[in-house]
Every structure is written in structure tokens, then in C-alpha cells.
Amino acid sequence: MNITKAIETVFNRFLPSPFAIAIILTMVTMALALCFTNAPADQNHFLAILSFWENGIWNNALLVFAYQMMLILVLGHILVLSKPMSKAIEKLTNLVSNTSNAVLLVSITTLLVSFFNWGLGLIFGAIMARKVAEAAQLRNFSINYPLVGASGYVGLMIWHGGISGSAPLKVAEAGHLASLMSGISDPTIQAQLPTAISFSETVFSVPNLLLFGVLLVLIPGFLYLLSKRVSVSKINLPIYNNTTEEKQTVIGADRLDHSKYLGAIFGILILIAFAYQYAGNLTELAITPNLLNFFMLGLGLLLHGSFASFLRALQEAISGAAGILIQFPLYFGIMGIMRDSGMVVQISDFFVSIATPLTLPIFTFFSAGLVNVFVPSGGGQWAVQGPIVVESALKLGVPLPKAIMALAYGDQITNMLQPFWALPLLAITRLKAKEILPYTVLIMILGAIVFLSGLLIF
């Protein structure tokens, strides 16, 4: 039995659903907090942890973030279901005739889009994988659909080192580091903080671009080799068709919904407002969730033309948001426990306590990867773990950009193990987590070797 088949067997037998994983991680986090953290003064330890959990679940800022992510998923799906986008993707999928060229097409395009923006890459990879499967079904050739689905998820392994990475974006803001480290009283630390760290030192630095270039070659190449060793089968998926209006008599006010111009005009108005509001962000390559959603809303209405077409696509797309709708708050609760109980600080402090200037980036990488399993949010992780990384780097003389990118690499690598961010892909592709994870785990090992080598060499 080869290693791929062995991993598939293990995952199929022992891996529960993503929802069950979220519940198990919640209970494990509670147990760890009880064992390894101290109870607040004058408060029962267990009840305090439950309070941390509940506060995390209903954190207003995180709930806003969850809604933004749901809109990225739904609006991106609606956009792809429009006639022009469907035709463009169909031309790409016409290049596919087997699993090997399918994984090359999906993985390369997903990696490139995800380096630009993680949210767009997430939805793009999912829809590309689904469209490849539909093409295989329509043209009657067999593929390994789970491997193609895994190819559509690889963008989450490079996102934090890309243009939309949370840590690089935040440290590029003037004054962010001083604000982040405001709780540190050591004047020598404060004196060493730069006003900002530009993208030229992080995302667009030579080491980071080289690592991305290496992965852009190795990941598709590795998936191509895997495609030669896996079994294939016929695809049986419901194929969504939004290209034709239903034949019906439209009278009265219903004509507004079916007008071929009203939706397009309103979409153009949104795009004009978008250009006015976000022109500065685009020149600075600062792609925010609100920017992306506003753009996709306007473009979606423009490309669909009629409100009726847009709303039919909405009904198809909304089901893909079901998983993250309920699981986002569960992970926010885990984040609340780890933050308020001090567990994140303990994990980071442990790695820092045994680090040297040479090994600090390595330990930062591993600690970030571990924390990401429990708290799959780059922005949230930076807010909690960032001060520890910055302080330890300054004390040990490690360049701040390198320490920050070490955290980014560690945070993104375990997305290949933690299936939370795969929920939109699973909803769109109709695959299960246990079907894609055997392949993403292998990709995670490959990526870890590349990132660790880069941190040691550079």
C-alpha cells in the first residue's frame, strides 16, 4: 500500500466532520485551560473559562469579520455563475482532459490569485475545482475529484505571505507596532520599534518572493506526480445553469426584476462609488474584505444584468455559507479561551524561552502553526501572538521582518491540516474534508520543508 492510500485509509476511518472537529477542539481547549492556566481571583476556574468562551463567541468585531467572509463566499460564487464568467471559466476548463492537467491548472491559478488576495483565492480555487469536475462530467472523462479539490485549497498555504496577509498588512501601517506593543513597559523595546515595516521588507522581499516562486513550481509539480498514482472515477454532480431565463409571462412590477438593464445600471453605480471610495487602497495594494465585497457586488449585478438572474444565483450560492455561519462562532469561542486564559502567551513564551537568534524564527514558525490549529484566524493570531514575537525578536537581535514572516508562514501552513477554511470549498465542490485532507497533509509537509529551509538560509 503506497503512502497516499495509507493516509486516505486513516482519514476515512478516523476523521470526523468539520463541525465535530470544532466541538472536539472546543472541549480540548477548555480542558487544557483548566490544567495549565491559573484561575482568576475570586472566581471559579471552570466558570471563568466558560465565560471566556462565551465572550469569544459573541465578540462583535469577530462577528463582523464572519459576515464579511460569508459575503466573500456568496458574492464570489454569484459572480462566477454569471454568463461572462461562466464562459471564461469554461474556456479554461476546456484545457482539462485528465487529473494531471486538472491539478496543474487549478493549483497554479489558485496560488497566483491567493497571493493577491486570500478571500478571492479561496472562492476561486473552490469554483475552479467544481467547474473542472462539471467539465469532466459533461465531456465524459474520469478524474480524481478529491485531488482536484485539494488543488483548489492550496492557496491558503501561501496567503499570509501574500499581499493580503494580516501581519504584513498591519505592520505596514504607521504606528501599528507602537500600538501593538503599548503594554510593554521596557523602554529599550519601545525605542527599537520602527514606525512601520514596509512590504518591501516582508511580502515583496527577495526571500519571500523566492519562497513563493519555489512553491509555485513544487506544489503543482507534486500534485502532478500524485495524479499519476491515484485512482480516477466518473463524476456525478448537479450542474447549475443560470444562463437562460425561465419561460414565463412577466407583468407589472415583476418586469423590474427581469429588466436586462436595471441591474446593470445599478451595478455600474456601485462600481463608480467603489472607484471613488477605494482608489487609494488599490494604489497601495491594500485589499480589504469590504473593498472586495463592494467590488464583487457591483460587478455581479453588472454581469448578471437582471435582478432575477442575480437572485437565482444567490439561492444557489447561499448554501455554501452554511458551514461557516455556525462554525465561525465556535472558533471565536476557542480564541476567547486561549486569549483570555493566557494560553497563547504560554505557548509562545515556551518556544521563546528555549530559542536562540538562529532558532527563534523556527520556533516562531512551529508555535504559530500550533496556535492556528485552535485559532484559524491570521488577524486574531497576530493581535495575540504578535507582541511576543516582536519583543523576543528585538531582545535576541533577530530582524523584525524575518520574525513576522516566520509567524505568517507558521500560521498559513497548518491550514492544510485544519479544515475550517476548507468549509467554503467543501460546500461548493460537495466533497468531504476526509477526502481532501490526505492530499493537503502531504502538501503541508512539502511546504513546511520549504519554509523552514528558507528561514534557515535567509
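This passage describes a helix pair, a kinked helix and an aromatic pair in a predicted model.

Two packed helices are described by the angle between their axes and the distance between the axes. In the case of α20 (residues 378–396) and α21 (residues 400–413), that angle is about 145 degrees and the axes lie 10 Å apart. The crossing of α20 and α21 is right-handed. On the α20 side, the contact draws on Gly-378, Gln-381, Trp-382, Gln-385, Val-389, Val-390, Ala-393 and Leu-394, while α21 contributes Leu-400, Ala-403, Ile-404, Leu-407 and Asp-411. By character, nine of the residues in this contact are nonpolar, three are polar and one is charged.

Helix α17 (residues 322–340) invites a look at its length and its course. Its 19 residues, at 1.5 Å a residue, should span 27 Å, which agrees with the 28 Å between its end C-alpha atoms. Within α17, a kink of about 30 degrees lies at Phe-328, shortly before Pro-329. Gly-342 follows α17 and has a positive phi, near 90 degrees.

Turning to the aromatic rings, the count comes to 14 pairs. Among them is that of Phe-274 and Phe-295, whose ring centres are 5.3 Å apart; their planes are at 45 degrees, so the pair is tilted. This pair links distant parts of the chain, with Phe-274 in helix α14 (residues 262–283) and Phe-295 in helix α15 (residues 289–304), 21 residues apart.

Notes:
Residues are numbered from 1 along each chain as its sequence is written. This is a predicted model: local features need pLDDT of at least 70, side-chain atom pairs count only at pLDDT 80 or more; totals for chains, interfaces and linings use all residues. Side-chain values use heavy atoms; hydrogens and water are left out. Axes are lines fitted to C-alpha atoms, for helices over the stretch in contact, and angles run from 0 to 180 degrees between N-to-C directions. Helices (H or I, at least four residues) and strands (E, at least two) are DSSP runs, numbered from the N terminus. A crossing is left-handed if the near helix is turned anticlockwise from the far one by less than a right angle, and right-handed if clockwise. Contact means heavy atoms within 4.5 Å. Ala, Val, Leu, Ile, Met, Phe, Trp, Tyr, Cys and Pro count as nonpolar, Asp, Glu, Lys and Arg as charged, and the others, Gly among them, as polar. The expected span of a helix is 1.5 Å times one less than its number of residues. The bend at a residue is the angle between axes fitted to the seven residues ending there and the seven starting there. Rings of Phe, Tyr and Trp (its six-membered ring) pair if their centres lie within 6.5 Å; planes under 30 degrees apart count as stacked, over 60 as edge-to-face and the rest as tilted.
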